[in-house]
Protein chains: 2
Amino acid sequence: MTAPETIETIRAFNRFYTNKIGVLARDYLATPYTLTEGRILYEMGARERVSATELNRDLGLDPAYLSRILKKFREAGFIESEPDPSDKRSQILNITDKGREIYETLGERSRQQIADDLRNVDETGQARLIDAMQAIRATLDPSTATPPAPVIMRPYRIGDMGWLIEAQATAYAREYGLNEKFEALVAEIAGKFIANFNPERERCWIAERDGRRVGSVLVADGGGDTAKLRLLYLDPSVRGLGLGRALVEQCIKFSTLAGYRKLSLWTNDILTAAIHIYEKTGFKLVSEERHAMFGPECNGQTWELDLAEAKLSAA
Amino acid sequence: MTAPETIETIRAFNRFYTNKIGVLARDYLATPYTLTEGRILYEMGARERVSATELNRDLGLDPAYLSRILKKFREAGFIESEPDPSDKRSQILNITDKGREIYETLGERSRQQIADDLRNVDETGQARLIDAMQAIRATLDPSTATPPAPVIMRPYRIGDMGWLIEAQATAYAREYGLNEKFEALVAEIAGKFIANFNPERERCWIAERDGRRVGSVLVADGGGDTAKLRLLYLDPSVRGLGLGRALVEQCIKFSTLAGYRKLSLWTNDILTAAIHIYEKTGFKLVSEERHAMFGPECNGQTWELDLAEAKLSAA
DNA sequence: TTAATTTATTTGACGCAGTCCAATAAATAT
DNA sequence: ATATTTATTGGACTGCGTCAAATAAATTAA
């Protein structure tokens, strides 16, 4: 079921963009071509060796119409066609140098026009815009959207802690019903970590995809020869990709190199996915206590990893 | 100057939505009307008493073309027109009951179609979608976007602190070059506040517009008869609307009712806008000390307000 | 293998959406 | 009072895009 306001917002947006494309189509980029013709030329310039059928499927045109346009292009010398050797009904289209010239011109004007449109949009506005456009495409048609970018790991930047706190608090509230005391705890841990940060002995990683933060973990000095793994979090969108394990292994590696002998962490039994990762990476449960600090009753657990042992088994 | 990738992303989105509107236009909603005719009927149903000129300006159509369509609608009995008494060249258009019926049908089908499109989009996806659509409209054409919704103030909800920390840390890093120690401080304050929250004596307000958080302030128990105002923050988009003052006044009112005799706060001289608000609402600077806790040197300032006095002057 | 069906493309025929120009009439400026 | 601008309309026409039918190759069924 979809909320009526959602639908009305979408209708309004459709009207808005219909207008936008309408003015775009009118005397298309000051060339003698139609918007449709432009699209076809674009597709042929962007890919190589398209077949007419493919083109048709992707653009959803009438085959007769497409055929006519292709004929026109062929006569104008923009494209060449040769029958597909594997299926002689079909033909492979190729753009000629002359056609590519037009393609470039069209592209240039299109870019120019967009740059004009953006003249009054500041940098954050532009960022918001492309973000929003990506979001719409990804939501409405996951297949055409840009393929999932690789996840990268980078060090802390300002704002990351706030993100982490919000993401973790809302996710665990939604998923496990944890209350605001959990957000408070995360905030305090994150705050203390940054306030007392020791770059030699501590580290924070933020996993990012497409400029969007999707995961985190940090290693804090636990005193003595013990490091503490804290605030491991994965956005729902990247769960099940092995990213959690990669983050934890990152922590193990760093802790070992930093000279710690033990890596310890505190978690709760309800977070089964995380616990699974800890088990897999060699952590052992050392103690457990029942509590209801965050609303629902659960077992707080302390897990530890002997880094010397881990090093051996990894070798 | 606009980044090339930005432009390419926008071009890709335009192609994407051109397709979308293309399939929308094809046999428009299974009615004998064109998409353009549908738009015109929509505009006449949505507003009352439009003039043809207005319609024309808003939809960007050829006047002759519009005239023809209106004639058709008039003959079909969908609309009536009377000359505008104030300008007899112009005519005022009004939709008839019969026309409204068609209008409703079209709306119904349009809604139905969108609901179908959304069948495979989950709730967060839908939220992301409408957010993105609003963002695009607001960015590309601030005037047509929904008028700025009223700002509402509501109590704390889970995730608010994380938001506040990120927003404040990134904004002040950008604007004043404050470093990560500032984010750490904000996180610790926010964390402690929630951890020790006393609903009788403490309060947190989040200012929200259109479901988007745009401001915050909180009152914490400072011990004895002193309340502390903390973490006043306004998103750049709502600065200069008097919202900051409203938030501070909210705090003063609450502190007074809660029985405090003094409201105190700590801030920094570089935050001139905030300081201006404190002055206006009656706070007095009581002490000042130079520090570089957050990178750049500045003056930390303690301001205080005598609540008894404030009450008198307000009365 | 042949016959029947499906698929890729093309052509003929054509409607009608949308454009351009000029005309009319009222309003506004000079 | 005259000239210019603005709102609307009709005539005339272009060509976008559609529908149906034809052709030829590929695929499936018999």
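# Notebook: two protein chains and two DNA strands

**Entry 1. Chain B against chain A.** I began with the protein–protein contact and found 74 residues of chain B in contact with 73 residues of chain A. The model is a predicted one, and I read every value below as computed from it. Next I looked up the buried area: chain B and chain A bury about 6,800 Å² between them, and 67% of that area is on carbon and sulfur atoms.

I then went to the polar side of this interface. The count of salt bridges between chain B and chain A is 4. I looked up A:Glu8, which forms a salt bridge with B:Arg111; the closest N and O atoms are 3.0 Å apart. With both residues at pLDDT 80 or more, the rule finds 28 residue pairs in polar contact across the interface of chain B and chain A.

Which elements of chain B give two or more residues to the side that touches chain A? I noted helix 1 (4–25), helix 2 (35–46), helix 3, helix 5 (97–117), helix 6 (123–140), helix 7 (160–176) and helix 8 (180–195) of chain B. The largest share of that side, 16 residues, comes from helix 1 of chain B. By class, the residues of the side of chain B that touches chain A divide into 34 nonpolar, 19 polar and 21 charged.

**Entry 2. DNA strand C.** I listed the protein residues around DNA strand C and got 21, of which A:Thr53, A:Arg68, A:Arg89, A:Gln91 and B:Tyr65 come nearest. I checked which parts of the strand face the protein: of the atoms of DNA strand C within 4 Å of the protein, 67% belong to sugar or phosphate and the rest to bases.

I looked up three side chains of chain A here. An N or O atom in the side chain of A:Thr53 is 2.3 Å from a phosphate oxygen of DNA strand C. For A:Arg74, a side-chain N or O atom is 3.4 Å from a phosphate oxygen of the strand. A:Arg68 goes to a base instead: an N or O atom of its side chain is 2.5 Å from a base oxygen of DNA strand C.

The elements giving two or more residues to the surface near DNA strand C come from both chains: helix 3 (52–59), helix 4 and strand 3 of chain A, and helix 4 and strand 3 of chain B. Helix 4 of chain A gives the most, with 6 residues. I sorted this surface by class and noted 5 nonpolar, 6 polar and 10 charged residues.

**Entry 3. DNA strand D.** I repeated the search for DNA strand D and found 20 residues around it; A:Tyr65, B:Thr53, B:Arg68, B:Arg89 and B:Gln91 come nearest. Sugar and phosphate account for 67% of the atoms of DNA strand D that come within 4 Å of the protein.

Which base or phosphate oxygen contact does B:Arg89 make with DNA strand D? I found a polar side-chain atom of B:Arg89 at 2.6 Å from a base oxygen of the strand. A:Arg68 also appears here, with a side-chain N or O atom 3.1 Å from a base oxygen of DNA strand D. For B:Ser67, I noted a side-chain N or O atom 3.2 Å from a phosphate oxygen of the strand.

The elements with two or more residues at the surface near DNA strand D are helix 4 (63–76) and strand 3 (87–95) of chain A, and helix 3 (52–59), helix 4 (63–76) and strand 3 (87–95) of chain B. Helix 4 of chain B gives the most, 6 residues. By class I noted 5 nonpolar, 5 polar and 10 charged residues for this surface.

**Entry 4. Strand 3 of chain A and its sheet.** Strand 3 of chain A turned up near both DNA strands, and I looked up its pairing. It belongs to an open sheet of 3 strands in the order 1-3-2, with antiparallel pairing. Strand 1 (50–51) and strand 2 (79–84) of chain A are the edge strands, each pairing on one side only.

Strand 2 and strand 3 of chain A pair over 6 bridges in the antiparallel sense, and a hairpin joins them through 2 residues. Opposite pairs between them include A:Asp84 with A:Asp87 and A:Pro83 with A:Gln91. Strand 1 of chain A pairs with strand 3 of chain A over 2 bridges, also antiparallel; here A:Val50 stands opposite A:Leu93.

**Entry 5. Strands 9 and 10 of chain A.** I last looked at strand 9 (residues 284–291) and strand 10 (residues 298–306) of chain A, which run antiparallel and are joined by 7 bridges. A:Lys284 has A:Glu304 in strand 10 as its bridge partner. The hairpin has 6 residues between the strands, and in it A:Gly295 takes a positive phi near 105 degrees.

Notes: Residues are numbered from 1 along each chain as its sequence is written. Chains are lettered from A and ligands numbered from 1 in the order in which they are written. This is a predicted model: local features need pLDDT of at least 70, side-chain atom pairs count only at pLDDT 80 or more; totals for chains, interfaces and linings use all residues. Side-chain values use heavy atoms; hydrogens and water are left out. A residue is near a molecule or strand if one of its heavy atoms lies within 4 Å of it. A polar contact is a pair of N or O atoms within 3.5 Å; within protein, one must be able to donate a hydrogen and the other to accept it, and residues adjacent in sequence count only if both atoms are side-chain atoms. Helices (H or I, at least four residues) and strands (E, at least two) are DSSP runs, numbered from the N terminus. Ala, Val, Leu, Ile, Met, Phe, Trp, Tyr, Cys and Pro count as nonpolar, Asp, Glu, Lys and Arg as charged, and the others, Gly among them, as polar. Contact means heavy atoms within 4.5 Å. Buried area is the accessible area (1.4 Å probe) that two parts lose on being put together, summed over both. A salt bridge is a side-chain nitrogen of Lys or Arg within 4 Å of a carboxyl oxygen of Asp or Glu. Two strands pair if DSSP finds at least two bridges between them.
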